[in-house]
Amino acid sequence: MPPVKTRASPVLNPDQMDQIDDIVGIIRKASYTVAMTGAGISVESGIPPFRGADGLWTRHGTPPMDGYAQFRKDPVGWWNRRTNGKIDSHVMELREALANAKPHAGHFALVDMERIGVLDSVITQNIDGLDEKAGLVNLVEIHGNRQKLRCVECGTRESLGEIVPLFAPDPCDGCGGLVKFDTVMFGEPIPDDVMAAARAEIDRADCVLAIGTSATVRPASGLLWIAEAAGAKIVEINPTETKLTPLSEVSLRATAGQALPALLNALS
Ligand code: APR
């Protein structure tokens, strides 16, 4: 009996729908499916990506790679500059976009895929907190979350909720250590607990969905190559080709907002 063709989608063409069917086949055969998401999944929530034509770095220039070292040298100065608005234009643009952003159908489709048991976890490179807002349960925020503070010594995190700190936070209650935003700065090592959690998910995965990432920033993107080398099937969802495309079983040229609801529909 020929495979059941998935219902037509209002936004995807027949070829793309064939690829959706292929992705369904891969996920159904998998025992543990992990999604790795990047800035692209939040573009349809109004947050610009970093690279590519409309990228923040493309338009404002790539920030210095020693941001963390500068922060450690003068944390109070860093906070004061931030409070006095002496911040880079890309940070201002990102901050405004983040303040107004809400999860879209693509984020909610991942939540539903987790709920119906076809998606086991999500590793996000995004700091926007939209995955958590959408309701994802098994989530690793590998670059941190902008609405949390973290002690750089003991790793204790504290949720800020909607509060935006205006001054340097007090030292850590627990160990007296230096407290910063939970987001990982350029030049800052990924906290051990987060890296271990992400690696554990990748080591379990036999299918990885790479959604909206240029797969350029390590160590996060390196996990995709580790998974592929260990035999996991890689599925890419991205409007443009990336370095990961040659490694992908299926590389679907579509946006997250177009592809993920259609994929959820086909899996339900
Ligand atoms: N849906 C899906 N993918 C999209 C969409 C969309 N609507 N719009 C753009 N994309 C794709 C782009 O084609 C690009 O390949 O998303 C990707 C975004 O790539 P980057 O901007 O490089 O973002 P990302 O891969 O997440 O960057 C990794 O770099 O600057 C650091 O810390 C930052 O976490 C970030 C890391």
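Strands here are DSSP runs of at least two residues, numbered from the N terminus. The model is predicted, and the tour below goes from a pocket to the sheet, then to the core, a helix, a cavity and a loop.

**Stop 1: a pocket**

Select strand E4 (148-151) and strand E5 (157-159), each of which supplies at least two residues of the lining of the second largest pocket. E4 gives the largest share of that lining, three residues. The volume of the second largest pocket is about 300 Å³. Now show Leu149, Glu158, Asp170, Asp173 and Val179: of the 16 lining residues, these are the closest to the pocket's centre. Colour the lining of the second largest pocket by class and you get nine nonpolar, two polar and five charged residues.

**Stop 2: strand E7 and its partners**

Next select residues 207-211, which form strand E7. How many of the residues of E7 are buried? Five of its five are, so by the cut-off of under 20% relative accessible area the strand is mostly covered. Cys207, Leu209 and Ile211 lie on one side of E7, Val208 and Ala210 on the other, and both faces are covered.

Add strand E1, residues 33-37, which is joined to E7 by five bridges and runs parallel to it. Two opposite pairs can be picked out here: threonine 37 with isoleucine 211 in E7, and methionine 36 with alanine 210 in E7. E1 is also mostly covered, with five of its five residues buried. Thr33, Ala35 and Thr37 point one way from the strand, while Val34 and Met36 point the other way.

Now add strand E8 (233-237). E7 and E8 run parallel and are joined by five bridges. To see one of the pairings, select valine 208 and its bridge partner in E8, isoleucine 234.

Then turn to strand E2, residues 121-124, which pairs with E1 in the parallel sense over four bridges. Alanine 35 of E1 has valine 122 of E2 opposite.

**Stop 3: the largest nonpolar core**

Stay with leucine 209 and show what surrounds this residue. Leaving aside neighbours within four places in sequence, leucine 209 is in contact with Ile27, Thr33, Val34, Ala35, Met36, Met113, Leu119 and Val235.

Leu209 is also one of the residues to select in the largest nonpolar core, which has 36 residues. Which of its members touch the most other members? They are Ile20, Ile27, Met113, Leu209, Ile211, Leu260 and Leu263. Two or more residues of this core come from each of helix H1 (14-29), helix H6 (105-115), strand E7, strand E8, strand E9 (250-252) and helix H10 (256-267). H10 gives the most, with eight residues. Another core lies apart from this one; its 22 residues include Val34, Met36, Ile123 and Ile190. In soluble globular proteins, nonpolar side chains tend to be buried together.

**Stop 4: helix H6**

Select residues 105-115, helix H6. Its buried residues are Gly106, His107, Ala109, Leu110, Val111, Met113 and Glu114. What do the buried residues of H6 pack against? Their partners are H1, E1, E2, helix H7 (130-134), E7 and H10. Move on to glycine 117, just after H6, where phi is positive, about 85°.

**Stop 5: the largest cavity**

One cavity of 30 Å³ or more is counted in the model. The largest cavity holds about 80 Å³ of space. To find the walls, select Ala39, Ser42, Ile47, Pro48, Phe50, Leu94, Leu98, Gln125, Asn126, Ile127 and Asp128. This lining has seven nonpolar, three polar and one charged residues.

**Stop 6: proline 239**

End in the loop between E8 and E9, where proline 239 is found. Which residues does proline 239 touch, not counting those up to four places away in sequence? The contacts are with Arg253, Ala254 and Thr255. For a last distance, pick the C-alpha atoms of proline 239 and isoleucine 116: these residues are 123 apart in sequence and 26 Å apart in space.

Note on methods:
Residues numbered from 1 in each chain as written. Predicted model: local features only at pLDDT ≥ 70, side-chain atom pairs only at ≥ 80, totals over all residues. Heavy atoms only, no water. Core = buried A, V, L, I, M, F, W, Y, C linked by side-chain atoms within 4.5 Å. Buried < 20%, exposed > 50% of the residue type's maximum accessible area, 1.4 Å probe, protein only. Contact = heavy atoms within 4.5 Å. 1 Å grid on protein atoms, 1.4 Å probe; cavity = no way out; pocket = protein on both sides within 12 Å on 5 of 7 lines; lining within 4 Å. Points joined across faces, edges and corners; volume = space filled by probe spheres on them. Nonpolar A, V, L, I, M, F, W, Y, C, P; charged D, E, K, R; others polar. Pairing = 2+ DSSP bridges.
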